[in-house]
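Open the model in a viewer with the sequence panel beside it. The tour goes from one selection to the next.

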Amino acid sequence: MFIKKTREWEISENQILPESQYFNRRDILKAMGVGGLIAGSSGLLLPGSTAYAVESDPSASLYPVPRNEAYTGGRELTPEEIATTYNNFYEFGSHKSIAKKAQALKIRPWTVKIDGMVEKEMEIGIDDLLAKMPLEERIYRHRCVEAWSMVVPYSGFALAELVKLAAPTSKAKFLVMETFEDKSVAPGQKQFWYPWPYTEALTLEEATHELSFMATGLYGKPIPKQNGAPLRLAVPWKYGFKHIKSVVRFHFTDERPQTFWEKLNNREYGFWANVNPEVRHPRWSQATERDLRTGNRIPTEIYNGYAEQVAHLYKDLGKTEVLFK
Ligand code: MTE
């Protein structure tokens, strides 16, 4: 029996985080300036300190990587303190303050499996994968279906490079990605009503589009666990739930899969999930979004402002399908 439990995404963001609390956080951050850190409800910390021990990352010496100036984000960057403490990662809890809990995730050894319709299935350690990939930094807008947004500098590599390494056969049409599964570190995975592991998928045309990016770093450092270490998808024209974190498997198939959120509620979290201000989420408008840097609402743009690059991918789909099916 499917037990329906209200999830954070089923309520609008201003219900999740009361306005007063939200503005307090912004005011505190402003007062502290960059270098301060807010760790959810655990309160204020001295600039430069963290609320939790952060494991040193063996890939640290790779960063910073050269910035690709073709991807500028178009707005001022969101402070690192916000992007790394206001997170969605249901494996560690269905609220935003999961940064501390996520530190339980062990990111070495980390093996990535590439399988399905490929020339040769393989398993590769994250450091070997990083050594093969051309790393660069890109600034991307990041728009959550909950109607908040950020602008963040990801380091990483084009997903097309991984697809090239995988060498899919001519039958492959979709790339399915899967997050780690380990209840002993991720308490959320004990919640049996979620269809773990978290999965997401793209068509191969989307996966090889120049904007599709595997993030391995953030703000010129290895990507923190709460943001999806050691490997996380960034597809900036799609809602944030497509941006699967801590990926362990890339599976090539000819069948369109049902992804994590689609399984839970396909009327609200569809496969395409392209950002569109004209198509309401069934329970709230997508016309505007809250910029987490300023706290101000700004208009949402079709395909999150990346229409010129991606609109052609969807020219054969019907209007609603393009947008949110
Ligand atoms: N990936 C996994 N494995 N688990 C999750 O709960 N949440 C998604 C996405 N990737 C999620 C995930 C959602 S809803 C969003 S908005 C983004 O991660 C949030 O990324 P951020 O915390 O880096 O902003």
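For the classes used at the first stop, Ala, Val, Leu, Ile, Met, Phe, Trp, Tyr, Cys and Pro count as nonpolar, Asp, Glu, Lys and Arg as charged, and the others, Gly among them, as polar. Note also that this is a predicted model.

**Cavities**

Rolling a probe the size of a water molecule over the atoms shows where empty space is left. In this structure there are two cavities of 30 Å³ or more. Select Asn88, Arg232, Gly240, His243 and Lys245: of the 25 residues that line the largest cavity, these lie nearest its centre. The space in the largest cavity comes to about 300 Å³. What is the lining of the largest cavity by class? It has 15 nonpolar, seven polar and three charged residues. Colour strand S7 (residues 148–158) next, as S7 gives the largest share of that lining, four residues.

For the second largest cavity, select Asp57, Ser59, Ile126, Leu130, Thr216, Pro222, Ile223 and Pro230, which line it. Its volume is about 40 Å³. The lining here divides into five nonpolar, two polar and one charged residues.

**From S7 to S14 and S15**

Go back to strand S7 and add strand S14 (residues 288–291); the two run parallel and are joined by two bridges. Show Trp148 and Arg290 to see one pair of bridge partners, with Arg290 in S14. Now add S15, which pairs with S14 in the antiparallel sense over three bridges. Here Glu289 stands opposite Ile298 in S15. Between the strands of the S14 and S15 hairpin there are five residues, and Gly295 in this hairpin has a positive phi near 80 degrees.

**Aromatic rings**

Display the side chains of Phe, Tyr and Trp. The model has 23 aromatic pairs, counting ring centres that lie within 6.5 Å. Select Tyr140 and Phe213: their rings are 6.0 Å apart centre to centre, with 70 degrees between the planes, an edge-to-face pair. This pair links distant parts of the chain, with Tyr140 in strand S6 (residues 136–143) and Phe213 in strand S10 (residues 213–218), 73 residues apart. Are the two rings' residues buried or exposed? Tyr140 is buried, at a relative accessible area of 1%, and Phe213 is buried too, at 0%.

Move to Tyr303 and Tyr314. Why does this pair count as stacked? The ring centres are 5.7 Å apart and the planes are at 15 degrees, so the pair is stacked. Tyr303 lies in the loop between strand S15 (297–299) and helix H9 (307–310), and Tyr314 in the loop between H9 and helix H10 (319–324), 11 residues apart. Both are buried: the relative accessible area is 7% for Tyr303 and 2% for Tyr314.

For a wider group of rings, select Tyr90, Phe192, Trp193, Tyr194, Trp196, Tyr198, Phe241, Phe260, Trp261 and Tyr269, which form one aromatic cluster.

**Charges over rings**

Which ring does the charged end of Arg141 sit over? Select Tyr306 with Arg141: the charged end of Arg141 is over the Tyr306 ring, 4.3 Å from its centre. Then select Lys96 and Tyr86, where Lys96 lies over the face of the ring, 5.6 Å from the ring centre.

**Backbone exceptions**

Most residues other than glycine have a negative phi, and most peptide bonds are trans. The last selections depart from this pattern.

Select Tyr63 and Pro64, where the peptide bond is cis and omega is near 0 degrees. The loop holding Pro64 runs between strand S2 (44–45) and strand S3 (67–72). Another cis peptide bond joins Arg108 to Pro109, with omega about -10 degrees. Look for Pro109 in the loop between helix H4 (99–102) and strand S4 (111–116).

Two stops remain, both for phi. Tyr219, a residue other than glycine, has a positive phi near 50 degrees. The loop between S10 and strand S11 (221–222) contains Tyr219, which is buried with a relative accessible area of 15%. Finish at Ser246, where phi is positive as well, near 45 degrees. Ser246 sits in the loop between strand S12 (232–234) and strand S13 (247–253), and at 0% relative accessibility Ser246 is buried.

Conventions
Residues numbered from 1 in each chain as written. Heavy atoms only, no water. Phe/Tyr/Trp six-rings, centres within 6.5 Å; stacked < 30°, edge-to-face > 60°. Buried < 20%, exposed > 50% of the residue type's maximum accessible area, 1.4 Å probe, protein only. Lys NZ or Arg CZ within 6 Å of the ring centre and 35° of its normal. 1 Å grid on protein atoms, 1.4 Å probe; cavity = no way out; pocket = protein on both sides within 12 Å on 5 of 7 lines; lining within 4 Å. Points joined across faces, edges and corners; volume = space filled by probe spheres on them. Pairing = 2+ DSSP bridges.
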